[in-house]
Amino acid sequence: MTTTTKEQPINLGKGMQKLERRRRISMGIIFLAAALLIWFAFVTDLQPGVETRFMMNPGGGSAEAADWVFPTGLVLNIIAAISAMLGAFQIIRGFGKLTYGALALVAVLFIFSFLSWATAGGQTNLAGLLRVMVVRAVPLTLGAMSGILCERAGIINIAIEGMMLTAAFVSTVFSSLFHNLLIGLLAGVLAGGIMGIIHGVLCIKYKINQIISGTVINIFATGITSYLSSKFIQKVEYQYLNEPGMFPQINVPVLSKIPFFGPILFSHNMYVFAMFFFVILLTFMLFKTRWGLRLRSVGEHPKAADTLGINVFKTQYMAVVLGGMMAGFGGTYFSLGSSGRFDEVMTAGRGFIGLAAMIFG
């Protein structure tokens, strides 16, 4: 005689149930607050019959799309109603694993509502705005990925700014000297890797506080690049050292001609496409490979990783160097992909913003 056992449902403790219920209600209140804000801050301020016009072509491309014109008040009321319904559902039942997806949807709707309200009675080039947003995201995304590589191995890397600035300077000089963008790109990536080695030696070998090490590298990079720039490449007689050129725009066949989306996503220089590629590659490597598992284990519990035979120091050095090279690649964007020259402190805090995006994201 055989007996069958039924799977028992997992019962959460009372404390966990209260916590989940509190989170569900709090998220629902956020959704409702967004709806109320749209109603009272945007809708009530509108004149009757006003319209919003979004231009759907960023200009300069072959993909043409008609402007999007709609009644502002009606659309904002619909968006507010959708946000309110999402909030009510979240409070009553909850979206479960889809909660953060619902939060992202409400955030997008709120931003769209703000743009519609701000443009009411006028016009805004929505396609151009989104295209610029994608371009401006390149150094921030690459800087964030540099921080992720180091953070997953247990190393705090606030030296991203200095690594990017050093790479921007080195790539400019080498591209100008050899009249070759690829040589400048490679030199910038290697410069970022060298800065990563310095950060790794200070933190891993000599056990220096990681925040202090990163701060020292940032100060050093700012000082040395500013000095060399003012002493040499900003002067007329050395102007040839500050003419690296820029990577050309790449128009992906067929895809770049898609109205609205084509110019936004498929008509950029190689840095934008590299950003998308590295995001996918790093996600796969960290969470779908043995290498990523070992890297994360070193960052989460180095003693346990060491008992399993993983070389903790080697893994951390590798992560810091790769993070430095990623930051270096992002730094070359400023000189070879954006401005075509080097200017003092041209990174302008993007490394810190990328680090903040990594922490809060």
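Visitor: Helices (H or I, at least four residues) and strands (E, at least two) are DSSP runs, numbered from the N terminus. How many of each does the chain have?
Guide: The chain has 13 helices and five strands. This is a predicted model: local features need pLDDT of at least 70, side-chain atom pairs need 80 or more, and totals for chains, interfaces and linings use all residues. Residues count from 1 along each chain as its sequence is written, and side-chain values use heavy atoms, without hydrogens or water.

Visitor: What does the C-alpha trace span?
Guide: About 70 × 65 × 40 Å along its principal axes.

Visitor: How much of the chain is buried?
Guide: 41% of the 361 residues. Buried is under 20% relative accessible area, exposed over 50%, partly exposed in between (1.4 Å probe, protein chains only).

Visitor: And what area does the chain expose?
Guide: About 20000 Å² (Shrake-Rupley, 1.4 Å probe). Carbon and sulfur atoms supply 68% of that area.

Visitor: Which residues make the nonpolar surface patch?
Guide: Phe174, Leu177, Phe178, Ile183 and Tyr240. Together they make about 470 Å². Members have over 30% relative accessible area, nonpolar side chains joined within 5 Å, and no salt bridge (Lys or Arg side-chain nitrogen within 4 Å of an Asp or Glu carboxyl oxygen).

Visitor: Which helix gives the most to the patch?
Guide: Helix H5, residues 160-178, with three residues.

Visitor: Where does Tyr240 lie?
Guide: In the loop between helix H7 (210-233) and strand S4 (250-251).

Visitor: Is Tyr240 buried or exposed?
Guide: In between. Tyr240 is partly exposed, at 46% relative accessible area.

How values were computed
Patch = residues over 30% accessible without salt bridge, like charges linked within 9 Å, V, L, I, M, F, W, Y side chains within 5 Å.
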